[in-house]
2 protein chains.
Amino acid sequence: MPGPAAPAFVVDQERHWSRLMQMAELGAIPGPAPEDRGVNRACLTPLDRAARRLLIGWAEAAGLSVSIDEIGNLFLRHEGGDPGAAPVLTGSHMDTQPNGGRFDGIWGVLAAFEAVQSIREAGIATRRPIEVVAWTNEEGGRFAPGCMGSMAWAGAQPATAWDAVTDTAGISFRQALDEHLAAEADLPRRALGPAGRPPHAYVEAHIEQGPLLESDGLDIGIVTGIQGSRWFGVEIRGKTDHAGTAPLRLRQDAVQDMVRAITALNRLTHDPADVLRFTVGKVEVLPNSSNTVADTARFSIDLRHPDAAVLTARGDAVAGVVQAAMRHCRATVQERFNALPTTFPPLVPDAVERAAAAQGLRARRLASGAFHDAQFLVPVCPAGMIFVPSRGGISHHPAEYTSPEQLAAGTRVLTATLLDLARD
Amino acid sequence: MPGPAAPAFVVDQERHWSRLMQMAELGAIPGPAPEDRGVNRACLTPLDRAARRLLIGWAEAAGLSVSIDEIGNLFLRHEGGDPGAAPVLTGSHMDTQPNGGRFDGIWGVLAAFEAVQSIREAGIATRRPIEVVAWTNEEGGRFAPGCMGSMAWAGAQPATAWDAVTDTAGISFRQALDEHLAAEADLPRRALGPAGRPPHAYVEAHIEQGPLLESDGLDIGIVTGIQGSRWFGVEIRGKTDHAGTAPLRLRQDAVQDMVRAITALNRLTHDPADVLRFTVGKVEVLPNSSNTVADTARFSIDLRHPDAAVLTARGDAVAGVVQAAMRHCRATVQERFNALPTTFPPLVPDAVERAAAAQGLRARRLASGAFHDAQFLVPVCPAGMIFVPSRGGISHHPAEYTSPEQLAAGTRVLTATLLDLARD
């Protein structure tokens with residue numbers, strides 16, 4: 001395994017890791033070992049604000065200028081030699097899933113900050129400004145859907161689109177946001193969105209949240225795009241019966257027809273190349289009593305593929321396959337979400353590839369299986385992402401882990417990519 | 001359809017139905033139409049006591065003597081020509097499921113009372129006493145398990161066995177029972193159980209709670225026994241993963257292995273004669289999120305058959321079949337309940353068959369799929385049951401229904417059966 005051939009810049013691996021671990025204290029979930037500790041830090045909470053204040057303190061000490069917009073997106077600006085040039089934007093998010101890990105999101109923000117601080121400490125001038133961004137509510141764990149900050153910034157939705165969305169305590173997104181903005185009233189405000197001057201590029205560093213880099217023994221993922229997703233909800237309605245009395249031929253057993261439907265969907269989604277992702281993650285059965293035949297079964301379908309044609313063909317066949325699988329019950333299939341694949345234009349992926357190669361790191365191109373804020377930037381400016389390995393492919397869980405060395409390698413690649421993009 | 005060939009006795013169909021409907025008012029669940037109204041009357045509640053007082057009033061007016069035992073079982077005694085002869089015992093229970101119907105249990109008590117009243121009104125003397133019984137807590141809906149009254153009476157468990165069992169409000173069975181006995185302190189007490197003098201026979205009339213009599217166009221079920229039941233709980237443990245990223249070959253998807261296990265159990269329990277009952281009524285998936293591969297799936301198995309050898313063979317194979325179906329996960333299979341089939345000796349079934357035949361009613365022998373108090377009487381005295389059709393096979397639900405004519409036919413058969421058994 002060759003080491004970095006010619007590291008153009010030194011990033012401070014210890015400082016970087018220490019900051020991640022300080023952030024992980026804010027919302028820490030106790031675990032059996034330090035490496036098993038998770039984080040629960042929902043957006044627009046006092047914990048979220050504590051994390052932002054910690055970052056703002058570091059950023060101000062490093063000489064960056066701080067601002068927020070009306071949906072709470074936080075910006076830390078490194079000035080360029082040409083302050084009027086379109087900036088390079090880089091970052092991710094700071095909120096976590098309720099039972100989340102220490103790396104998802106927050107690493108991309110801290111890597112961006114570490115990159116900018118390293119560039120400044122190395123005395124390297126860039127023509128373009130570089131702005132570090134922390135997007136509001138990427139996870140959607142408290143207020144659904146996620147990616148509100150990047151969607152509002154990119155103009156996909158107005159910033160007021162989710163005012164009425166409530167969390168489980170009944171607090172609306174608008175209430176939480178107003179409270180949050182009041183608590184950060186001392187921070188300078190900036191206009192929402194690119195305001196007619198799109199960034200030169202957007203680069204987001206993130207853990208892979210999948211096992212491919214680890215299983216292939218690689219350091220860096222050059223993300224080519226984000227695979228498409230189609231989500232469906234299926235409801236199967238039958239009839240309750242006494243488990244001891246009703247003959248099977250007379251039953252309308254919703255559980256049995258659900259099993260038939262999932263088995264048929266497994267055949268529909270079979271992919272020898274193992275690229276198509278088919279998941280039934282949510283199942284609900286009613287009345288859910290061990291000695292009663294169920295009259296209702298509901299389940300979710302999550303279907304993903306990087307090729308729009310494959311996703312369209314298989315997704316369009318879902319309802320028919322479910323209906324054909326019904327032996328005794330009636331099924332309703334509703335499509336809840338349909339996002340065709342996003343492809344990043346070559347600017348950022350090519351820069352990431354050059355940076356990884358120059359540092360002697362083992363890299364491959366791959367599509368992201370998960371959503372990211374980066375996909376909402378695509379209509380606004382060239383965007384791209386850098387992945388680092390996830391141990392066991394695990395994320396959204398306290399067991400999420402990437403080593404200090406792997407993170408530092410990713411941060412070095414991000415630094416070189418930003419310099420490349422900010423040069424001209 | 002021939003009418004009753006030679007009805008030996010007239011039961012008062014209108015009075016009988018009217019009493020059932022009066023009972024249905026106590027705990028009535030409103031429904032869209034009068035025929036859709038259900039009943040929620042839990043044991044040892046003021047509603048339960050109101051129903052018992054209503055019955056006691058009718059029984060005292062009819063000249064029966066009333067007593068209760070220490071677990072609240074209620075007895076209404078018709079004296080025989082030989083007061084020392086072993087009595088014929090008949091009845092059922094008055095409590096309902098939380099979302100129950102108007103017939104389950106209460107009909108067997110009111111049919112028994114109607115039979116005794118008709119016999120008395122016809123001036124027919126019986127050598128043996130006939131006792132109508134209402135057993136405490138058959139359903140187990142408030143305090144689990146059910147059949148406490150009959151179990152304690154038959155000596156299967158001491159009457160104090162369930163003192164610590166609590167309802168969802170935290171009230172213990174002992175508290176509820178003590179309060180109940182205090183409220184009925186004016187009623188004469190009798191010793192618990194047969195006390196060395198077992199009844200001559202026990203006959204329980206009940207709705208079928210299954211569809212066989214209706215689908216075969218029959219009037220009467222001659223119950224030959226109660227099928228055996230084995231209950232299992234299965235837990236499948238895998239690993240959570242991100243639905244968008246984890247390749248299927250690397251997943252440990254608990255939902256997928258559950259689907260494989262249920263499919264394999266369907267093969268194990270396949271019965272061309274459709275006598276074996278296999279039900280998965282309860283399913284739980286964790287974390288139950290549409291975009292997360294489930295790491296845990298739990299499901300229940302309810303397996304019933306009237307033949308002990310079949311039930312033993314198939315039930316013993318369950319764990320192995322589940323284990324063999326696991327592709328990526330680990331399974332734990334726990335047996336939670338194992339009750340071998342109960343067979344009623346010929347005395348009562350033969351008497352029921354003669355009674356139905358004499359009245360020109362269409363009858364068949366069948367095993368009960370559901371539990372009943374009658375099965376706990378089997379070790380004490382010859383027992384048996386009479387079933388009437390259930391519309392659509394539905395029970396434990398407000399839609400439970402049997403017509404006044406069908407109930408009256410069942411009550412006539414019960415009357416003739418009691419006379420037959422009480423004669424000598």
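User: What is the relative accessible area of B:R298?

Analyst: B:R298 has a relative accessible area of 28% and is partly exposed, where buried means under 20%, exposed over 50% and partly exposed in between, with a 1.4 Å probe and protein chains only. This is a predicted model, in which local features need pLDDT of at least 70 and side-chain atom pairs count only at pLDDT 80 or more, while totals for chains, interfaces and linings use all residues. Residues are numbered from 1 along each chain as its sequence is written, chains are lettered from A and ligands numbered from 1 in the order in which they are written, and side-chain values use heavy atoms, with hydrogens and water left out.

User: Ok, and which residue does B:R298 form a salt bridge with?

Analyst: The partner is B:E284, with the closest N and O atoms 3.2 Å apart; a salt bridge here is a side-chain nitrogen of Lys or Arg within 4 Å of a carboxyl oxygen of Asp or Glu. The pair links distant parts of the chain, since B:R298 is in strand β14 of chain B and B:E284 is in strand β12 of chain B, 14 residues apart. Helices (H or I, at least four residues) and strands (E, at least two) are DSSP runs, numbered from the N terminus. B:E284 counts as partly exposed, at 38% relative accessibility.

User: Which residues are joined into one salt-bridge network?

Analyst: A:R15, A:R19, A:E114 and A:E121 are joined into one network by salt bridges that share partners.

User: How many salt bridges over all chains, then?

Analyst: The count comes to 58 over all chains by this rule. Among them, A:R49 and A:E179 meet through their side chains at 3.7 Å, N to O. That pair connects distant parts of the chain, with A:R49 in helix α2 (residues 46–61) and A:E179 in helix α5 (residues 173–183) of chain A, 130 residues apart. A:R49 counts as buried, at 11% relative accessibility.

User: What about A:R142, which residue does it form a salt bridge with?

Analyst: A:R142 forms one with A:D167, the closest N and O atoms being 2.9 Å apart. A:R142 lies in the loop between β6 (130–135) and α4 (148–154) of chain A and A:D167 in the loop between α4 and α5, so the pair ties together parts that are 25 residues apart in sequence. A:R142 and A:D167 are both buried.

User: Switching to the dimer contact: how much area do chain B and chain A bury between them?

Analyst: Chain B and chain A bury about 4,300 Å², 52% of it on carbon and sulfur atoms, buried area being the accessible area (1.4 Å probe) that two parts lose on being put together, summed over both. B:H242, B:T245 and B:D274 supply 12% of the area that chain B buries against chain A, more than any other three residues. In terms of contact (heavy atoms within 4.5 Å), 53 residues of chain B meet 54 residues of chain A.

User: How many salt bridges and polar contacts cross that interface?

Analyst: The rule finds 2 salt bridges across the interface of chain B and chain A, and B:R249 forms a salt bridge with A:D274, the closest N and O atoms being 3.1 Å apart. There are also 24 residue pairs in polar contact, both at pLDDT 80 or more; a polar contact is a pair of N or O atoms within 3.5 Å, and within protein one must be able to donate a hydrogen and the other to accept it, with residues adjacent in sequence counting only if both atoms are side-chain atoms. On the side of chain B that touches chain A, α7(B) gives the most, with 6 residues.

User: Where is A:H93, and is it buried or exposed?

Analyst: A:H93 is in strand β5 (residues 88–93) of chain A, and A:H93 counts as buried at 0% relative accessibility. The side chain of A:H93 makes polar contacts with the side chain of A:D95 at 2.9 Å and with the side chain of A:E138 at 3.0 Å. Not counting residues up to four places away in sequence, A:H93 touches residues including A:D104, A:W135, A:H206 and A:D373.

User: Last one: how is chain A divided into domains?

Analyst: Chain A has domain 1 (13–227 + 342–423) and domain 2 (228–339), with bounds from an automatic or database domain assignment. The C-alpha centres of domain 1 and domain 2 of chain A lie 36 Å apart. The area buried between domain 1 and domain 2 of chain A is about 530 Å², of which carbon and sulfur atoms give 59%. On the domain 1 side, A:Q227, A:G369 and A:F371 lose the most area to domain 2 of chain A, together 85% of what that side buries. Between these two domains of chain A the count is 0 salt bridges.
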